[in-house]
Amino acid sequence: MSQSFVQEMDALLALKAIFNDPFLNKNWTGAPSHWYGIQCSHDDHVTGISLQSMGLTGKVSADGFAYFPELTFIILNNNSISGNVVNLSSSHKLKHIDLSGNRLYGQISPSLMSLDLLESLQLQDNSLTGPIPEFNQSSLKVFNVSNNNLEGKIPTTPVLQSFSSVSYSNNHELCGPPSENPCSSSAFSEKYTSNSDNKDSSKRTYKFATMFLIFDVIGLVAVLLLFILYYKRAKKLKKMIKNMQKDLKEDGEEAEAEAEAEERVVVVEEKREENNKKKLIFMGGVEAEFELNDLFKAPAEGLGKGIFGNTYKAKLEGYMGVKSVVVKRLRDLKPLSNEEFTKQLNMIHAHHNHPNLLPLLAYYYSKDEKLLVYRYAENGSLFNRIHGEKSSKDRIAFRWGSRLSVARGVARALEYLHINISGMVPHGNLKSTNILLDEHETAVVSDYGLSSLVALPIASQRMVSYKSPEYQSNKRVSRKSDVWSYGCLLLELLTSRVSVHSAPPGINGVDLSTWVHRAVREEWTAEIFDPEISKQRSACPGMLKLLQIALRCCDKSPEKRPEMTEVVRVVENIKVVDESEDDEDLSGDPSLTDDSLSITAPAMVAGDQRL
Ligand SMILES: Nc1ncnc2c1ncn2[C@@H]1O[C@H](COP(=O)(O)OP(=O)(O)OP(=O)(O)O)[C@@H](O)[C@H]1O
């Protein structure tokens, strides 16, 4: 174990003690690379700290972050951390500092001037004082010190002058361009001219001494006058005091009564809140169709265990409009207040009208338990439809038309999410177990919008988007990571092979994109498609088109992947064929032979757009 590792570990533990946050106290155990908000390099150096909006308090000491030589970002915005802006000069690799919205005071450490790679420095909404250091790193592209108590003239370095007045606003004693506060007043120049002469300063000292003497004399005279007045009016004062005491007593009794009444109201409200807390909240203000207790009492069946926790099916026969519902018991979430949690769920609910998105019916929030209630999708998951009962006689063939319909529905849902849900990855976990088939066999996408509820280390370990090539290479995800997941899903739909990136625990999968490329290269192309569809003669052109768009979505480079709008256009243009022609058993006469594919498939894999 290197000395640096020990130092970094100690520094993290010191921060843990300072923040003393219940979530971090529980979560920050074991190896730091798994800790919430901590990013580590492969050799276990801390490379990033990201703990924004967690309500963290505590005073960070000047050397609180001094032991992370590999740190590239420190994001602590929207907490209540106090202390000076700490010395970060030993973290030479720092690119992003966001300490905005805290309670930092004192001067901005001039040590930050030595960070040559610094790209963003955000210190707004604190209580910082003193002048702005002469930052002039050409790398600095984002800079904000607004809403502090900074003083003096803004340094005239080209970099600081390149930011707008907004970066400096609400610092009343800050002056000069780019701020809107001119520096002309003598107060500024007197206060901040570094070589102010001693004569002036001794004159000022003399002035202050005289003023204090005058105030002292006035104060003494006032006390004497009061003393005389007191003796003169002693009797009257006594009477007044008596009356005042009487009034006070009455006021006190009244106040006591008021306080008691208020307390009663608080208790009633608390009780009401407590009762509310035990209630299921139905989305969109819909009246409760069933209660939490009904869920607990209903016959339940475990459906599986996902990243958000266990999922159950509860049979609620007899309730208006609802027969069975699915309950997800959430765990490993970010520490979210009821308000934040509700806000997130309301955002999800706002999209419940799309025909290919599974609506959220209700939720339950308490400190220890968080539940999501969904409609039960009668025909189960796409995963089961593709892979279920494979070698059984009971299997109902999953034909080309149904697969194309799923591909279209999911593409439309994802396009909708990409347009309407903000965030890096509007879904983040698109895979065949999260595509459900309702009673009409319509594909509905579930678990959308939940990615922001999960802590980053858990998301990066378990969500599909974080398995994308871009996350593996540079730890970045984007909407295009959802596009990549959609490509993998199409390959699963076409090949009926389990994708390694989304295989449920205990099931082996293959890297489908690599596998398809290999199949074409080694000329066993006919084996790409699931025999259940490859024997459908009429489906061949459509399958090739779907394979082509799937491979474009799976491109290693996110920039080369199409947007979902383009994907929808391509998938919608694939002709729906009359499958009755294929009804005869073609198993001995497969339409997609190596010969039939040998011309089209290599061109397709090479990205030939004419197909
Ligand atoms: N509303 C639903 N109707 C029918 N089946 C569902 C429903 N929601 C989930 N399931 C099924 O329940 C099982 C468990 O789901 P869950 O979402 O907990 O895990 P998962 O989808 O396997 O993984 P992840 O949590 O990563 O999404 C899955 O097979 C899923 O298809």
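Let's start with a hairpin. Strand S17, residues 360-365, and strand S18, residues 370-375, run antiparallel and are joined by five bridges. The hairpin links S17 to S18 through four residues. For one register point, take Tyr363: its bridge partner in S18 is Leu372. Keep in mind throughout that this is a predicted model.

Next, the ligand. How many residues surround the ligand? There are 21. The closest are Leu303, Gly304, Gly306, Thr311 and Ser381. Which strand gives the most to this shell? That is S14, with three residues. S14 covers 300-306, and strand S16 covers 322-329; each of the two supplies at least two residues of the shell. By class, the shell holds 10 nonpolar residues, nine polar ones and two charged ones.

Now the sheets. I have two to show, and I'll take them in turn.

One is an open sheet of six strands with mixed pairing. Read across, the order is S1-S2-S4-S6-S8-S10. Which strands stand at the edges? They are S1, at 38-40, and S10, at 142-144. Each has a single partner strand, so one side of each lacks a neighbour in the sheet. Ignoring direction, neighbouring strands here are turned by 15° against each other on average. Look inside the sheet at S6, residues 96-98, and S8, residues 120-122. These two pair in the parallel sense, over three bridges. To find the register, start from Asp98: its bridge partner in S8 is Gln122.

The other is also an open sheet of six strands, and here the pairing is parallel. The order is S3-S5-S7-S9-S11-S12. At the edges stand S3, residues 57-59, and S12, residues 173-175. Each of these has a single partner strand, so one side of each is left without a neighbour in the sheet. The twist from one strand to the next averages 20°. Within this sheet, go to S7, residues 103-107, and S9, residues 127-130. S7 and S9 are paired in the parallel sense through three bridges. Gln107 stands opposite Thr129 in S9.

A general reminder while the sheets are on screen. Strands of a sheet pair through backbone hydrogen bonds, parallel or antiparallel. In a regular strand, side chains alternate between the two faces of the sheet.

On to the helices. Two packing pairs here.

Take H10, residues 400-420, with H17, residues 564-573. Their axes lie 9 Å apart, at an angle of about 160°. With over 145 degrees counted as roughly antiparallel, H10 and H17 are therefore roughly antiparallel to each other. Their crossing is left-handed. Who meets whom? From H10 come Ala407, Arg408, Ala411, Arg412, Leu414, Glu415 and His418; from H17 come Met564, Thr565, Val567, Val568, Val571 and Glu572. By class, the contact of H10 with H17 has seven nonpolar, two polar and four charged residues.

The other pair is H13, residues 479-495, with H14, residues 512-521. These pack at an angle of about 55°, and their axes are 9 Å apart. That angle makes H13 oblique to H14. Which residues make the contact? H13 brings Cys488, Leu491, Glu492 and Thr495, which meet Leu512, Ser513 and Val516 in H14. The residues of this contact divide into four nonpolar, two polar and one charged.

One point to take back to the screen: start from S14, which gives the most to the shell around the ligand.

Methods. Residues numbered from 1 in each chain as written. Predicted model: local features only at pLDDT ≥ 70, side-chain atom pairs only at ≥ 80, totals over all residues. Pairing = 2+ DSSP bridges. Near = placed C-beta within 6 Å. Nonpolar A, V, L, I, M, F, W, Y, C, P; charged D, E, K, R; others polar. Axes fitted to C-alpha atoms, helices over the stretch in contact; angles between N-to-C directions. Parallel < 35°, antiparallel > 145°, perpendicular 65-115°, else oblique. Left-handed = near helix turned anticlockwise from the far one by under 90°. Contact = placed C-beta atoms within 7 Å.
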